[in-house]
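Visitor: Please take a close look at one part of this structure, the largest pocket.

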Amino acid sequence: MGVDIPNDKQIQYSLTYLYGIGLFTAREVCDKLDIDPARSAAELSEEELSRIAALLERDYAVEGPLRRFVTQNINRLREVRCYRGIRHRVSLPVRGQRTKTNARTRKGPRKTVAGKKGVKDLR
């Protein structure tokens, strides 16, 4: 898959380093292939690793193809200019979160506006 999984962890946790594989799917893969999920990744033979890779390639969308699929979906939303696509385009939260406060992860660091505080009207 092009990703090195850590050898010092159990195989069920090592597989989660692949994009698109969570803990549930990692355990499901181990069950399908009759591999003990508590075994260390370093203990796996080359044959077992190739079986895991073949199963992931055949039955699951992971890494490159999954990233491509997600990117294509976002680009489609942008092109049709739906609400979600517009939110993606202007880097704002897509799923209805508030933006007056918070949303800093999506919006980036604060951009200070000069003269906003302490301005008095002298009429």
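**The largest pocket**

Guide: The largest pocket has a volume of about 220 Å³. A pocket is an open set of points on a 1 Å grid over the protein atoms alone, where a 1.4 Å probe fits, with protein on both sides within 12 Å along at least five of seven lines. The volume is the space filled by probe spheres set on the points, which are joined across faces, edges and corners. This is a predicted model, in which local features need pLDDT (the predictor's confidence in each residue, from 0 to 100) of at least 70, side-chain atom pairs count only at 80 or more, and totals for linings, chains and interfaces use all residues. Residues are numbered from 1 along each chain as its sequence is written, and side-chain values use heavy atoms, without hydrogens and water.

The lining numbers 15 residues, each with an atom within 4 Å of a point. Val 3, Ile 5, Leu 15, Leu 49 and Ile 52 lie nearest the pocket's centre. Helix α3, residues 46-59, gives the most to this lining, with 4 residues; helices are DSSP runs (H or I) of at least four residues, numbered from the N terminus.

Terms used
Helices (H or I, at least four residues) and strands (E, at least two) are DSSP runs, numbered from the N terminus.
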